[in-house]
Each structure stands twice: as C-alpha cells, then as structure tokens.
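Trainee: Could you take a close look at one part of this model with me? I would like to follow the aromatic residues and the strands around them, step by step.

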Amino acid sequence: MNSIRTALASLAVASALAVSAGAYAQSAPMPYTLQADPSIPATSTQQQQDEVMKLLTAHLGLWLTRDTDSYPYERLVTEDAVFEYPYAKADAGRRLVGREAVAETLRKLPLTATEWKFDSIKLFPTPHSDVFFVEYVASASVAGVSQPSEQRHLARITVKQGQIANYYELWDRGAEWSGAASAARN
C-alpha cells in the first residue's frame, strides 16, 4: 500500500512540475526583432517593450495550450478591453468589448486548427509609449490540408497597467489560409 501511495505522490509531483514548466515556457517572451524608425523619437522604454512582448506571448499562448478552457486569459486584458478584427466574416467577431467577451470568444478560436507556430515577430514602437504594432506570421495544421496554412498578421496593441486594453488585428486577406482563419473568425 505504501508503494502505491509513493508512486501516486511521485506521479502528482511530476505532473505539477510538467504543468508549471509549460506555464513558465509561455511566460517567456517570444523572440522578436525591434523595428525602430530613427526619425520617430523613442518614447517607450525597454521595460515597456518587454511588457508588450510578454503580453503578446501570453495572448498567442492561448493557441499553443491544450486546454483553452483553463487558460487564464482574463488576466491579460483590462476589464473594458476592446478587441477588433475588421476582416472577420461575422459582425459578432469584428468587435469584442469587455474582458469576459474577449476571453470567451478567443477561447473558441484555437479549436479550428492545431500545431500553431508563430514566427518572424517584429515589434514596432510608436510615439506613444503605451501603443505598439506587432507583425508576425502564424502557421497551423488544418484538417484535410496536406501542408501547414500560413497567414501574416499585423496588430496594434495598447497596454494599460500591464494588461491589453486594445487589440486591433489585420491579416493578409489575399493569402490562402485554407479555411482555418475564416472559420476561426466567424
């Protein structure tokens, strides 16, 4: 009986370590290239740039997690957050207002594709220390499609007190996403 308890305790510790390692991996910012224009005065600090990249990493982490329902997405956005996707096919998905609406809607999106990857991340500071543009390439596997689908995204992110207050995202409408993005944005 003691050996069973010991085995169960070891299994519980190993599970806890695996979960915490995954959470830590998602909290480290994704590698990015800073695209600063020397003609625009730098108003954001390195700390603010790191903060927005940590928020973007956590935002994209929703697509990388296996259990979207337990992903603590509400912690990333302000109570009055506004997320806008002007290219969304359904009116209901174009403008999301409020923490709960944003989290509920975005939790449903990752289910449309698997094996998400985010590459070529570029951070563009603006003259406003709380507003950044981020460009990235998302790729994912879509059921029934032999190769990964790929899409370029550009997002304007406004940060307020360490959370996302406004997120406005555009994507390459001319690229073939093989239905994943259009299904996700409905």
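Mentor: Happy to! Trp 171 has a relative accessible area of 10%, and because the cut-off for buried is under 20%, Trp 171 counts as buried. Please keep in mind that this is a predicted model.

A search through the whole structure turns up seven aromatic pairs. One of them joins Tyr 87 and Trp 171, edge-to-face, with 5.8 Å from centre to centre and 85° between the planes. Tyr 87 sits in the loop between strand S2 (77-84) and strand S3 (95-97), while Trp 171 belongs to strand S7 (residues 163-171), so this pair ties together parts that are 84 residues apart in sequence. Tyr 87 itself is partly exposed, at a relative accessible area of 29%, whereas Trp 171 is buried. The two also belong to one aromatic cluster, made up of Phe 83, Tyr 85, Tyr 87, Tyr 167 and Trp 171.

Now compare that with another pair, Trp 116 and Phe 118. Their ring centres lie 6.1 Å apart and their planes meet at 10°, so this pair is stacked; planes under 30 degrees apart count that way. Trp 116 and Phe 118 are both buried.

From here we can move on to the strands. Strand S4 (residues 114-125) runs antiparallel to S5, and eight bridges join the two. A hairpin of five residues makes the connection from S4 to S5. Across this pairing, Phe 124 stands opposite Phe 133 in S5. Strand S5 (residues 131-141) is mostly covered, with nine of its eleven residues buried.

On to the next partner of S5. Ten bridges join S5 to strand S6 (residues 149-160), and these two run antiparallel. Here Ala 138 stands opposite Gln 151 in S6. Gln 151 is worth a pause at the graphics screen: its relative accessible area is 3%, so Gln 151 is buried. What does the side chain of Gln 151 reach? It reaches the backbone nitrogen of Asp 172, at 3.3 Å.

If you want a route for your own viewing, begin at the edge-to-face pair of Tyr 87 and Trp 171, go to the stacked rings of Trp 116 and Phe 118, and finish at Gln 151 in strand S6.

How values were computed: Residues are numbered from 1 along each chain as its sequence is written. This is a predicted model: local features need pLDDT of at least 70, side-chain atom pairs count only at pLDDT 80 or more; totals for chains, interfaces and linings use all residues. Side-chain values use heavy atoms; hydrogens and water are left out. Buried means under 20% relative accessible area, exposed over 50%, partly exposed in between (1.4 Å probe, protein chains only). Helices (H or I, at least four residues) and strands (E, at least two) are DSSP runs, numbered from the N terminus. Two strands pair if DSSP finds at least two bridges between them. A polar contact is a pair of N or O atoms within 3.5 Å; within protein, one must be able to donate a hydrogen and the other to accept it, and residues adjacent in sequence count only if both atoms are side-chain atoms. Rings of Phe, Tyr and Trp (its six-membered ring) pair if their centres lie within 6.5 Å; planes under 30 degrees apart count as stacked, over 60 as edge-to-face and the rest as tilted.
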